[in-house]
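Reader: Hey, got a minute to walk me through this one? I'd like the overall picture and then the odd spots.

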Amino acid sequence: MKAFRTATLYAAAAGALAIGSTAHAEAPAAYKQEATASIDGNAKLVQVMVDSVFSFAEPGFQEFQTMEYLTGILEENGFTIVKGAAGIPTAWTATYTRGSGGPKIALGSDVDGLLGLSQYPGTGEIKPMVEGAPGHGEGHNSGMPVMVAAALATKEVMEKHNLSGTLMLWPGVAEELLATKAFFVRDGMFEGVDACIFTHVSSDFSTSYGPSTSNGMVSVEYTFKGKTSHGAGAPWAGRSALDGVELMDIGWNFRREHLPLTQRSHYVITNGGGQPNIVPGDASVWYYFRDHTFAGIRALYEIGNTMSEAAAEMTGTTVTRRTLGYAAPQWGNQPLAEAAYANIQSVGMPQWSADDQAFARSLQEANQLTTAPLRSEVGELGKPTNERPTGGGSDDIGDIMWAVPTITIRFPSNVPSMIGHNVTSAMAMATPVAHKGAVAGAKAVALTTLDLLTTPELVTAARRYQQDVQFATEQYAPVLTPEDKPAIHLNTEVMNRLRPQMQQYYYDPARYGSYLEQLGVAYPNVATK
């Protein structure tokens with residue numbers, strides 16, 4: 001019941017606290033018009049960035065080409081680049097400061113792809129570009145282009161009107177592994193930051209505040225050590241590490257019946273031994289434990305640890321564990337969300353063409369998904385409710401939300417009804433739908449950033465809300481320890497093997513007007529059923 005009590009406590013606190021309206025805490029209209037015009041003028045750059053990052057298709061901890069490409073654009077435009085943030089080779093910050101004083105605003109979005117989801121864009125046919133390669137099956141190729149375009153427009157306004165403040169861009173590395181943002185926070189990346197705007201691709205255009213209905217999570221790999229022997233000649237001389245893994249998994253699956261409804265847990269065996277006639281001396285299993293509160297996550301983690309040790313006792317093996325990542329429960333900031341939502345309403349949805357609508361429907365029909373048109377109106381401002389959370393996915397932006405006032409702006413660069421973590425979610429992500437949605441998202445981010453730069457009362461209200469409402473319910477309490485290190489080894493082997501094939505498909509904007517043109521894909525490709 002802890003998650004339900006948290007939501008109820010939040011609703012009561014929000015009703016009692018007089019934060020004050022932030023409707024007046026807004027940048028001058030002329031500044032916003034200039035930023036909007038700047039982003040419209042950079043629409044071609046947005047398209048090129050979205051298409052380029054899509055073509056790189058790099059999974060977590062392997063976003064090297066993506067890093068070089070995006071930091072190159074920012075460096076050319078006067079941003080100071082620092083690579084290797086928090087000891088992670090593909091993590092970076094890009095900073096621009098004007099004047100003295102003024103708020104420091106962080107702008108971030110995820111950049112990694114997903115294993116095994118290589119997919120041609122612009123077609124509803126399931127068609128990998130490189131068999132078995134990663135792809136952008138969650139649309140993370142669009143997020144940082146949104147932020148780069150927003151930052152360049154904001155920088156122009158700062159220079160023209162002599163506005164003081166700092167912009168800090170940062171990428172969400174290895175978000176699909178939920179493996180970096182807790183390390184960013186632990187290692188001080190967000191010290192001195194006054195507010196953070198985060199973006200995520202969607203088919204709608206919205207934001208929210210209060211506790212999220214999604215889950216936090218801890219990612220743990222358990223490694224069992226046994227003793228090898230001949231599986232037929234002397235099995236009694238061996239101690240099977242795989243037996244330890246399997247007994248832990250069996251125990252966990254029986255325990256599920258007696259776990260809270262909010263939890264989600266799942267695992268993969270990452271090492272099950274070499275061959276059947278050798279008793280496995282080493283075996284590993286990788287778990288995600290998810291729940292809605294810090295205490296709930298920790299409780300699952302401790303149960304898992306106990307089960308692993310019991311399985312080792314039963315099999316005469318030993319077990320060690322390594323925390324590979326962590327994601328705190330999410331909590332959006334109300335004053336920031338209200339300011340951003342006003343800007344989302346001002347920007348409005350993209351003007352979809354008949355071709356865009358026909359293309360969206362073709363994807364849905366080709367994959368037997370619910371048909372729904374590209375949305376014509378922005379979504380509602382998401383607010384907390386007293387409904388009991390029932391569990392769901394995770395995003396490690398939650399850790400940053402507990403470090404500084406933060407919101408997520410969801411921008412409309414994908415088609416409704418696409419399946420998350422599936423090739424269908426990649427089909428539109430290098431098409432005019434993705435490009436137009438990213439331009440709209442960049443405008444909302446830039447206008448909200450200008451509100452923060454020009455109206456100190458918005459910064460104050462955001463911090464006050466975090467202190468008086470968010471921190472009144474829970475305090476940041478991650479499982480991560482000072483000894484834990486980022487799992488930068490992940491996905492190395494697959495990219496060493498597949499990158500040479502993938503490089504043949506990198507987008508060349510000097511030769512082609514779009515990635516679809518380079519691939520020879522017509523738009524809208526409505527013939528595929």
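Author: Sure. One bit of bookkeeping before the charges: Lys and Arg count as positive and Asp and Glu as negative, while His and the chain ends are not counted. Also keep in mind that this is a predicted model.

Reader: OK, so how far apart are the mean positions of the positive and negative charges?

Author: They are 2 Å apart, taken over 36 positive and 51 negative charges of the protein chain.

Reader: And what's the secondary structure of the chain?

Author: The protein chain has 15 helices and 12 strands.

Reader: What about the radius of gyration, how does that sit with a compact globule?

Author: It agrees: the chain has 24 Å, and a compact globule with 529 residues would have a radius of gyration near 24 Å. Along the principal axes, the C-alpha atoms fill a box of roughly 80 × 60 × 45 Å. Of the 529 residues, 59% count as buried.

Reader: Which residues touch the most other members in the largest nonpolar core?

Author: Leu70, Phe79 and Leu169, in a core of 125 residues. Helix H12 (residues 432-454) gives this core its largest share, 13 residues. Apart from that core there is another one of 30 residues, including Trp170, Val173, Ala327 and Ile397.

Reader: Back to Leu169, what does it touch beyond its sequence neighbours?

Author: Leaving out residues up to four places away in sequence, the contacts of Leu169 include Leu74, Phe79, Trp92, Met144 and Val148.

Reader: Switching to backbone oddities. Where's the cis peptide bond?

Author: From Tyr523 to Pro524, with omega near -5°. Pro524 sits in the segment after helix H15 (515-519).

Reader: I also see Leu178 and Gln368 with positive phi. Which loops are they in?

Author: Leu178, with phi of about 50°, is in the loop between strand S4 (165-172) and helix H6 (181-186). Gln368, at about 55°, is in the loop between helix H10 (354-366) and helix H11 (397-401). Neither Leu178 nor Gln368 is a glycine.

Reader: Is Leu178 buried or exposed? And Gln368, buried or exposed?

Author: Leu178 has a relative accessible area of 3%, so it is buried. Gln368 is at 68% relative accessibility, so it counts as exposed.

Reader: Last one: where's Ala86, and what does it touch?

Author: Ala86 is in the loop between strand S1 (80-83) and strand S2 (92-98). Not counting residues up to four places away in sequence, Ala86 touches Phe183, Phe184, Asp187 and Pro486.

How values were computed. Residues numbered from 1 in each chain as written. Predicted model: local features only at pLDDT ≥ 70, side-chain atom pairs only at ≥ 80, totals over all residues. Heavy atoms only, no water. Core = buried A, V, L, I, M, F, W, Y, C linked by side-chain atoms within 4.5 Å. Buried < 20%, exposed > 50% of the residue type's maximum accessible area, 1.4 Å probe, protein only. Helix = DSSP H or I, 4+ residues; strand = E, 2+ residues; numbered from the N terminus. Contact = heavy atoms within 4.5 Å. Rg over C-alpha atoms; globule rule 2.2 N^0.38 Å. Charge placed at Lys NZ, Arg CZ, Asp CG, Glu CD.
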